[in-house]
Amino acid sequence: MSGYALLVRYCAFAILATIANLGTQRAVLAAGDHPSTYAMALIAGTLVGLVAKYALDKRWIFADPSSGLAAHGRKFTLYSLMGLVTTMIFWGTETAFWLAWQNHSAREAGALLGLAIGYCVKYHLDRRYVFVGSLGKTA
């Protein structure tokens with residue numbers, strides 16, 4: 001796959017995971033604006049986005065052939081660990097926008113910016129540390 005095709009596919013999957021993440025957040029936030037609800041929304045959205053993005057990246061970005069519970073468990077654990085840094089970028093940006101403007105439109109704008117930056121960083125971390133030797137590494 002060409003570098004351009006890989007970029008387009010990765011961006012499309014990032015958009016899908018972002019929609020899943022923010023949609024989940026909106027569903028949780030419908031319960032109210034309490035700080036604990038906000039924290040639950042961040043966590044739930046992140047988990048939904050993480051699982052969706054892992055499934056798409058493993059198969060369609062990195063063409064990882066590994067299978068079985070042990071292989072998936074190892075890969076998903078590494079994938080999640082690489083996501084810790086990028087999650088802090090995402091949560092930090094989203095929260096900063098929320099604190100600065102105190103409205104959900106600004107919060108989501110911060111989330112979009114944080115996710116975009118985070119996904120760029122995450123691709124390089126995943127390629128280097130998670131999907132080592134997979135076909136997508138050379139694409």
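**Helices and the model**

I take a helix here to be a DSSP run of H or I that is at least four residues long, with the numbering starting from the N terminus. I keep in mind throughout that this is a predicted model.

**Helix spans**

I began with helix 1, which covers residues 3-29. Its 27 residues should span 39 Å at 1.5 Å a residue, and because its end C-alpha atoms are 38 Å apart, I note that the two values agree. For helix 2, residues 35-61, I looked up the reach from the first C-alpha to the last and found 36 Å for 27 residues, which is close to the 39 Å expected at 1.5 Å a residue. Helix 4, residues 104-130, reads otherwise: it has 27 residues, but its end C-alpha atoms are only 34 Å apart, short of the 39 Å that a straight helix would reach at 1.5 Å a residue.

**Helix 1, inside and outside**

I then listed what is buried in helix 1, and the list includes Leu6, Tyr10, Phe13, Ala14, Leu22, Val28 and Leu29, along with polar residues such as Thr18, Asn21, Thr24 and Gln25. Which helices do the buried residues of helix 1 pack against? I found that they pack against helix 2, helix 3 and helix 4. On the surface I noted a nonpolar patch of about 340 Å², made by Tyr4, Leu7 and Val8, and I placed Leu7 in helix 1 as well.

**Salt bridges**

I counted 7 salt bridges in the model. One of them joins the side chains of Glu108 and Arg26, with 2.7 Å from N to O. This pair links distant parts of the chain, since Glu108 sits in helix 4 and Arg26 in helix 1, 82 residues apart. Is each partner buried or exposed? Glu108 has a relative accessible area of 14% and is therefore buried, the cut-off being under 20%, whereas Arg26, at 53%, is exposed, the cut-off being over 50%.

Glu108 also forms a salt bridge with Arg107, the closest N and O atoms being 3.3 Å apart, and I recorded both Arg107 and Glu108 as buried. When I followed these links further, I found Arg26, Glu94, Arg107 and Glu108 joined in a network of salt bridges.

A salt bridge within one helix is the one between Asp57 and Lys53, whose closest N and O atoms are 2.8 Å apart. Both residues lie in helix 2, 4 residues apart, which is about one turn of the helix, and both are buried.

**Loops and the start of helix 4**

I turned next to the backbone angles, with the reminder that most residues other than glycine have a negative phi. Just after helix 2, Ala63 takes a positive phi of about 45°, although Ala63 is not a glycine. Ala63 lies in the loop between helix 2 and helix 3, the latter being residues 69-101, and at 29% relative accessibility Ala63 counts as partly exposed.

Gln102, which is not a glycine either, has a positive phi of about 55°, and I placed Gln102 in the loop between helix 3 and helix 4. What caps the N-terminal end of helix 4? I found that Asn103 does so, with a side-chain oxygen that lies 3.1 Å from the backbone nitrogen of Ser105.

Methods: Residues numbered from 1 in each chain as written. Predicted model: local features only at pLDDT ≥ 70, side-chain atom pairs only at ≥ 80, totals over all residues. Heavy atoms only, no water. Patch = residues over 30% accessible without salt bridge, like charges linked within 9 Å, V, L, I, M, F, W, Y side chains within 5 Å. Areas by Shrake-Rupley, 256 points an atom, 1.4 Å probe, with all protein chains shown as cover. Salt bridge = Lys/Arg side-chain N within 4 Å of Asp/Glu carboxyl O. Helix = DSSP H or I, 4+ residues; strand = E, 2+ residues; numbered from the N terminus. Buried < 20%, exposed > 50% of the residue type's maximum accessible area, 1.4 Å probe, protein only. Expected span 1.5 Å × (residues − 1). Contact = heavy atoms within 4.5 Å. Polar contact = N/O pair within 3.5 Å; in protein donor to acceptor, adjacent residues only side chain to side chain.
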